[in-house]
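Subject: Structure handover and notes

Dear colleague,

I am passing on the structure we spoke about, together with some notes on its side chains. Please keep it open while you read, since the notes refer to individual residues.

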Amino acid sequence: MDKRDEGQGIPIAINNSIQHAQGITSTMTAGSKGLVILYIDLLWTLVTASAHIITAVIGSGVLSLSWAIAQLGWAVGVAVLMAFSIISYFTATLLADCYRSPDPITGKRNYTYMDAIRANLGKPTSPTQKVQLCGLAQYGNLIGITIGYTITTSISMVAELRSKCFHKNGHHVKCHISNNPFMLIFACIQIILSQIPNFHKLSWLSYIAAVMSFAYSSIGVALSIAKVAGGAHVRMTLIGLTVGVEVSEAQKVWRTFQAIGNIAFAFGFTVVLVEIQAGYSEVEPTGEQGHEEGIADRDYDRNHLLLIVWVLRLRCLREHCTREHHHGFGFFEPFWLIDLANMCLVVHLVGAYRVFCQPIFGFVENWCSDRWPESDFINREIDVEIPGYGKYNFNLFRLAWRTVYVIITSLVALIFPFFNDFPGLIGSLAFWPLAVYFPVEMHIARKKMKKYSFMWVCLKALSWICLIVSAVAAVGSVQGLFEDLMKYKPF
């Protein structure tokens, strides 16, 4: 594996797991023993890949969906959710075909999203405006995600203490606890984890994070079922909050826009899709790879959607979901189970933060290495023996740069600790360019579609519709941030 694979490849693609198994098959002698080894290796690789996928995809974006559906209602909310899922699936398949260029099976690999844009829409030797726009959208989105995860993790830490406070003093007590100290604790944890050179050596964290994600989702489902089984009567409508009764007309409009942004954020996995496919790039593909990649992508996106819808429908039984509903998952008792759920969420987000940071770390470190190849500060690796770990490749630039990044994103989270509006703004700004526009434009270029042909018109119409939706969602999120800023006093 070359240096670019270490810096930017995120080994979480099931499709490349199949490719990995094919590479083994080509070097294996016939016989039952070889077949057993193949199955074991494939199974282990699939488990590892699945763990990384769950860690990356199921995060704070899913947590805001219940609030979004509460604003839109069961009819509009579920319709919007389905629309985003179908669009995301379709454009993800287009983007997956761009992993190799010009041929999707035998062409040259594109290790990053920017490489794919450069190969299909730009010039091979120099960056174009589209390549630069892609980099700005992608890495800006990743930075925003890490800030959002810092906010979410601190909220969940505080929720554990509030749960104990409610249990001890009663549910009528406010139990106000500041999030700031817990953001600093989270930052300290990430400073340590960020010093691990690449994500290949951190698979164990994704295993734990994947288990934790299913754990807190299962707890939410179980609590919701228990509430309904206990005879709880819930009020639900098809169009969300009632104008004139619960919200004003202006509030209904703004919250609708904000809800769309939150849903877009939950489906923003394309930001790392190309890097995902580069995970096991040291193995050359066979002629079947394109077909198997498509199957893997379909299974992955379908399972993602089913998990979101299932958890959402059972966790959001109340019409008035709170804006930060994972403060106890809408329940007070049993308090120990609420604490367990929030603890699982914290552990999961620790791993997810690390996944989304790696492309940023790799991009900056590779750029600096190319820019200053003679610098010992940037390029020198020092071997350090750590008891219980083995040899660790220590690098001064990596230590300084990654520490500074974690500190800066934590400071931004301290100043703007708004859970719903922040992810909504990130999702609305990044969804159209990364999930729709670039995949569509690359597909048109690769297929050499004639202008104004039927398929060309359909793809362009899809792109423009998504642009309008993203724009209104961004406006709503900005309004929500402004509203929160007017009431918030930092520190």
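The notes below go through the aromatic pairs, an aromatic cluster and a surface patch in turn. Please bear in mind throughout that this is a predicted model.

Aromatic pairs

Counting ring pairs whose centres lie within 6.5 Å, the total for the model comes to 14 aromatic pairs. One of them joins F186 and Y353 in an edge-to-face arrangement, with 5.3 Å from centre to centre and 90° between the planes. Because F186 belongs to helix α8 (residues 180–193) and Y353 to helix α13 (residues 335–371), this pair ties together parts that are 167 residues apart in sequence. As for the surroundings of the two rings, F186 counts as buried because its relative accessibility is 1%, and Y353 is likewise buried, with a relative accessible area of 2%.

Another pair is formed by W254 and F257, which also meet edge-to-face, here with 6.3 Å between the ring centres and 85° between the planes. Both residues sit in helix α10 (residues 249–266), and because they are three residues apart there, about one helical turn separates them. W254 has 29% relative accessibility and so counts as partly exposed, and F257, at 23% relative accessibility, falls into the partly exposed class too; that class begins where buried ends, buried being under 20% relative accessible area.

Aromatic cluster and a serine that touches it

Y113, W432, Y437 and F438 come together as one aromatic cluster. Which residues does S470 touch, once those up to four places away in sequence are set aside? They are S428, F431 and W432, and W432 is one of the residues of the cluster just described. S470 itself lies in helix α17 (residues 454–487), and it counts as buried because its relative accessibility is 8%.

Nonpolar surface patch

On the surface, I382, V384, I386 and Y389 make a nonpolar patch of about 290 Å². Within this patch, V384 is found in strand β3, which covers residues 382–386. Is V384 buried, partly exposed or exposed? V384 counts as partly exposed, because its relative accessibility is 33%, and this value agrees with its place in the patch because patch residues need over 30% relative accessible area.

With best wishes

Key: Residues numbered from 1 in each chain as written. Predicted model: local features only at pLDDT ≥ 70, side-chain atom pairs only at ≥ 80, totals over all residues. Heavy atoms only, no water. Patch = residues over 30% accessible without salt bridge, like charges linked within 9 Å, V, L, I, M, F, W, Y side chains within 5 Å. Areas by Shrake-Rupley, 256 points an atom, 1.4 Å probe, with all protein chains shown as cover. Salt bridge = Lys/Arg side-chain N within 4 Å of Asp/Glu carboxyl O. Helix = DSSP H or I, 4+ residues; strand = E, 2+ residues; numbered from the N terminus. Buried < 20%, exposed > 50% of the residue type's maximum accessible area, 1.4 Å probe, protein only. Phe/Tyr/Trp six-rings, centres within 6.5 Å; stacked < 30°, edge-to-face > 60°. Contact = heavy atoms within 4.5 Å.
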